[in-house]
Amino acid sequence: MLRNVLGKAFRFLGYTVQYGCIAHCAFEYLGGIVVCSGPSMEPTIQNSDIVFSETLSRHFYCIRKGDIVIVKSPNDPKSNICKRVIGLEGDKVCTSNPSDFLKSHSYVPKGHVWLEGDNLRNSTDSRCYGPVPYGLIRGRICFKIWPLNDFGFLRASPNGHRFLDD
């Protein structure tokens with residue numbers, strides 16, 4: 001009887017470890033579900049929206065301008081942030097706030113991206129902490145899952161005029 005119970009316990013433990021490894025690989029290398037918080041990406045992503053973030057783009061260096069990404073926060077490595085890619089390495093970006101009279105520009109250094117929230121008046125982004133290393137990108141948001149009335153691919157940036165092609 002004890003042998004039977006121990007056998008079942010070890011089989012259960014083995015299945016738990018196997019499925020745990022499969023789940024870890026799926027979330028690390030394929031993608032996962034993310035709950036977004038904060039106002040920085042409004043109106044594209046509202047507080048408490050649920051999105052799907054895929055990680056293959058990060059691994060294959062397929063992140064493009066206009067993509068919305070999940071990134072380890074440069075200010076707090078324990079938290080993630082959700083921002084839009086405005087510039088890739090070598091791109092010229094506007095580093096000033098939209099309300100500034102004099103506009104300043106800079107180039108994104110090699111191995112970095114320039115990130116901004118869609119809600120420029122209420123976003124802590126690259127305008128505050130500078131270019132973000134590519135290695136901090138955790139994934140690219142593909143589509144919105146919740147709320148259901150907004151299910152689908154994300155809309156274009158309301159700040160598309162900030163993408164410079166110089």
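Leaving aside neighbours within four places in sequence, which residues is Y129 in contact with? In this predicted model, they are P74, N75, I81, K83 and T124.

## Nonpolar cores

Y129 belongs to the largest nonpolar core, which has 11 residues in all. Alongside Y129, the set is made up of I63, V69, V71, I81, V85, V113, L115, V132, Y134 and I137. At least two residues of this core come from each of strand 3, strand 4 and strand 7, the last of these spanning 112-116. One of the contacts of Y129 outside its sequence neighbourhood, I81, is also a member of this core. In soluble globular proteins, nonpolar side chains tend to be buried together.

A second core, separate from that one, has 8 residues, including C36, M41, I45 and I141.

## Strand 3 and its partners

Strand 3 covers residues 68-72, and 4 of its 5 residues are buried, so the strand is largely enclosed by the rest of the structure. Strand 3 runs antiparallel to strand 4 (residues 80-87), and 5 bridges join the two. Within this pairing, V69 has K83 of strand 4 as its bridge partner. K83 is also among the residues that Y129 contacts.

Strand 3 pairs with strand 9 (residues 137-146) as well, again in the antiparallel sense, here over 3 bridges. I70 of this pairing has G139 in strand 9 as its bridge partner. In a regular strand the side chains alternate between the two faces of the sheet. Here V69 and V71 are in the largest nonpolar core, while I70 is among the residues nearest the centre of the largest pocket.

## The largest pocket

The volume of the largest pocket is about 530 Å³. Its lining comprises 28 residues, and those nearest the centre are V34, I70, N80, I81 and C82. Helix 1 (2-29), strand 1 (31-35), strand 3 and strand 4 are the elements that give two or more residues to this lining. Strand 1 contributes the most, with 5 residues.

I81 appears both in the pocket lining and in the largest nonpolar core.

## The loop between strand 1 and strand 2

S40 is found in the loop between strand 1 and strand 2. With a relative accessibility of 13%, S40 counts as buried. Not counting residues up to four places away in sequence, S40 touches C82, K83, G117, D118, N119, N122 and S123. The C-alpha atoms of S40 and E116 are separated by 8.5 Å, although these residues are 76 residues apart along the chain.

P43 lies in this loop, before strand 2 (50-54). The peptide bond joining E42 and P43 is cis, with omega of about 5°. S48 has its place in the loop too; its phi is positive, near 75°, in a residue other than glycine. S48 is partly exposed, with a relative accessible area of 45%, whereas S40 counts as buried.

## Annotated domain and a further cis bond

An unreviewed UniProt entry lists residues 16-97 and 103-146 for "domain: Peptidase S26". Over residues 103-146 the chain is 9% helix and 45% strand. The end C-alpha atoms of that stretch are 37 Å apart.

The peptide bond from W146 to P147 is cis, with omega near 10°. P147 lies in the loop between strand 9 and strand 10 (152-153).

Terms used
Residues are numbered from 1 along each chain as its sequence is written. This is a predicted model: local features need pLDDT of at least 70, side-chain atom pairs count only at pLDDT 80 or more; totals for chains, interfaces and linings use all residues. Side-chain values use heavy atoms; hydrogens and water are left out. Buried means under 20% relative accessible area, exposed over 50%, partly exposed in between (1.4 Å probe, protein chains only). Helices (H or I, at least four residues) and strands (E, at least two) are DSSP runs, numbered from the N terminus. Two strands pair if DSSP finds at least two bridges between them. UniProt positions are given in the numbering used here, feature names are shortened, and annotations may be inferred rather than shown by experiment. A nonpolar core is a set of buried Ala, Val, Leu, Ile, Met, Phe, Trp, Tyr and Cys residues joined through side-chain atoms within 4.5 Å. Contact means heavy atoms within 4.5 Å. On a 1 Å grid over the protein atoms alone, a cavity is a set of points where a 1.4 Å probe fits but cannot get out, and a pocket is an open set with protein on both sides within 12 Å along at least five of seven lines; lining residues have an atom within 4 Å of a point. Grid points are joined across faces, edges and corners, and a volume is the space filled by probe spheres set on the points.
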